[in-house]
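Biologist: Please take one part of this model and look at it closely, down to individual side chains. I would like one connected account of how the pieces there meet.

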Amino acid sequence: MIKRILPVIDQPISVIGLGCFAIGGYMWGEQDQRDSQEAITAALEAGINWVDTAPLYGDGHAERVLGGLLAEIRPADRPLVATKFGHVVDAQGQRVKRAGRGDVLADCEASLANLGVECIDLYQLHWPAPEPIAETAATCAELIAAGKVRAIGVSNVGVDELEVWRQSGVRLASVQNYYSLYRRQDEAEILPWCAEHDIAYLAYSPMHRGLLFGAWGPDKRFPAGDHRAERPDFTPPRLPILLAATQRLRALAECHELTMAELATGALLSREGCTALIVGARNAAQGAALGDLGLPLKSSLLAEVEAILAETDAALAVLPA
């Protein structure tokens with residue numbers, strides 16, 4: 001089970017990602033709403049107790065779908081809810097990052113209405129915004145004082161932003177960044193910083209946007225609307241190298257009677273500072289499978305994983321910039 005303690009909320013958490021990969025068709029191609037609802041229900045039945053979403057996903061659609069399910073669950077039995085603010089689609093269809101006082105307050109009211117709740121458990125700045133962090137942080141403190149938010153987090157940030165936020169005096173509960181076996185930049189600074197300051201680290205896309213499940217072949221193609229077709233890791237020359245590494249990792253997992261998901265998530269949760277993983281699910285079977293993930297790996301197995309990753313990094317390093 002993917003469980004750790006989240007500071008401030010002080011509760012064990014197991015997390016399902018709900019958003020661009022689960023609802024609304026945003027970035028990952030079309031998605032049936034019933035499949036999304038069944039994915040959430042199955043995940044909760046498997047022991048997941050935290051759902052992460054954002055208003056950007058489907059222009060509030062993901063939050064509204066989750067809100068409909070929450071309305072059918074007794075308040076005492078509901079999962080914790082994390083959502084985000086400061087990143088929206090404007091009237092012209094452009095993605096806009098803004099986190100001034102008025103923006104944050106308006107985003108919060110919209111999310112509360114979409115979710116049908118009186119308080120958001122974890123409210124996260126989706127991306128760094130042009131407004132001063134001090135203004136954003138002070139507004140978040142207002143929301144906590146008003147009982148509309150329990151804890152504050154930030155996402156897609158570096159150490160510089162974290163230090164400025166810490167100087168604001170407003171307590172940060174978490175950092176949510178992209179972290180997988182094929183994207184480990186945060187191990188250098190962010191993870192140690194979070195561990196030092198007792199701030200939870202929530203990893204999104206720990207399965208590297210599907211690649212680490214090990215189910216893709218060399219002929220993998222992405223449907224229209226799927227953002228991965230535009231990303232370097234999912235096109236040649238990087239993709240063949242990562243596919244080869246994934247097959248080696250899959251063989252290693254099978255030798256230890258693990259699934260690829262168990263290997264990939266377990267390796268990340270073995271890192272000091274990594275608190276929890278946000279793993280997406282698109283249907284009931286995937287939602288139910290989340291309950292089996294998250295056990296840290298033995299040091300001997302981690303060493304074998306590291307050897308494969310080191311060789312993969314070396315192969316990627318010689319590619320033309």
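**A close look at the interior and its charged pairs**

Modeller: L290 is buried, because its relative accessible area is 2%, and the limit for calling a residue buried is under 20%. This is a predicted model, and what follows should be read as a description of that prediction. L290 is found in the loop between α9 (284–289) and α10 (299–317). Although L290 and I48 are 242 residues apart in sequence, their C-alpha atoms are 7.4 Å apart in space.

A second loop residue leads to the aromatic residues. T275 is found in the loop between α8 (260–269) and β12 (276–280), and since its relative accessibility is 8%, T275 counts as buried. A polar atom of the T275 side chain lies 2.8 Å from the backbone nitrogen of Y201.

The ring of Y201 brings us to the aromatic pairs, of which the structure holds 6. Y179 and Y201 make one of these pairs, with 5.7 Å from centre to centre and 90° between the planes, and the arrangement is edge-to-face. This pair links distant parts of the chain, with Y179 in the loop between β10 (174–178) and α6 (190–196) and Y201 in strand β11 (residues 200–204), 22 residues apart. Y179 and Y201 are both buried.

F222 and F234 also form a pair, and because their planes stand at 90° with the ring centres 6.1 Å apart, this pair is edge-to-face. F222 and F234 both lie in the loop between β11 and α7 (238–255), so their pairing ties together parts that are 12 residues apart in sequence. F222 has a relative accessible area of 17% and is therefore buried, and F234, at 4% relative accessibility, counts as buried too. W216 joins F222 and F234 in one aromatic cluster. A ring can also have a charged partner: K97 lies over the face of W127, at 4.6 Å from the ring centre.

Y201 reappears when we turn to the nonpolar interior. The largest nonpolar core has 74 residues, and those touching the most other members are Y123, W165, V175, L181, Y182, Y201 and L249. L181 can stand as the worked example: leaving aside residues up to four places away in sequence, L181 touches L212, L249, A264, A267, L268, R271, V305 and L309. Apart from this core lies another one, of 12 residues, with A151, A173, Y178 and Y204 among them.

One of the residues that L181 touches, R271, takes us to the charged side chains. Side chains of opposite charge can pair when their charged atoms come close, and the structure holds 16 salt bridges. E306 forms one of them with R184, where the closest N and O atoms are 3.5 Å apart. E306 belongs to helix α10 and R184 to the loop between β10 and α6, so this salt bridge ties together parts that are 122 residues apart in sequence. With a relative accessibility of 28%, E306 counts as partly exposed, whereas R184, at 17%, counts as buried.

Helix α10 also carries E311, which forms a salt bridge with R248; here the closest N and O atoms are 2.8 Å apart. This pair links distant parts of the chain, from R248 in helix α7 to E311 in helix α10, 63 residues apart. R248 counts as partly exposed because its relative accessibility is 40%, and E311 counts as partly exposed at 45%.

Finally, R271 forms a salt bridge with E306, and the closest N and O atoms are 2.5 Å apart. The two residues come from distant parts of the chain, R271 from the loop between α8 and β12 and E306 from helix α10, and they are 35 residues apart. R271 itself is buried, since its relative accessible area is 18%. Through shared partners, salt bridges join R184, E187, R271, E306 and D313 into one network. R271 thus ends this account in two roles, as a contact of L181 and as a member of that salt-bridge network.

Note on methods. Residues are numbered from 1 along each chain as its sequence is written. This is a predicted model: local features need pLDDT of at least 70, side-chain atom pairs count only at pLDDT 80 or more; totals for chains, interfaces and linings use all residues. Side-chain values use heavy atoms; hydrogens and water are left out. Rings of Phe, Tyr and Trp (its six-membered ring) pair if their centres lie within 6.5 Å; planes under 30 degrees apart count as stacked, over 60 as edge-to-face and the rest as tilted. Helices (H or I, at least four residues) and strands (E, at least two) are DSSP runs, numbered from the N terminus. Buried means under 20% relative accessible area, exposed over 50%, partly exposed in between (1.4 Å probe, protein chains only). A charge sits over a ring if NZ of Lys or CZ of Arg is within 6 Å of the ring centre and within 35 degrees of the ring normal. A nonpolar core is a set of buried Ala, Val, Leu, Ile, Met, Phe, Trp, Tyr and Cys residues joined through side-chain atoms within 4.5 Å. Contact means heavy atoms within 4.5 Å. A polar contact is a pair of N or O atoms within 3.5 Å; within protein, one must be able to donate a hydrogen and the other to accept it, and residues adjacent in sequence count only if both atoms are side-chain atoms. A salt bridge is a side-chain nitrogen of Lys or Arg within 4 Å of a carboxyl oxygen of Asp or Glu.
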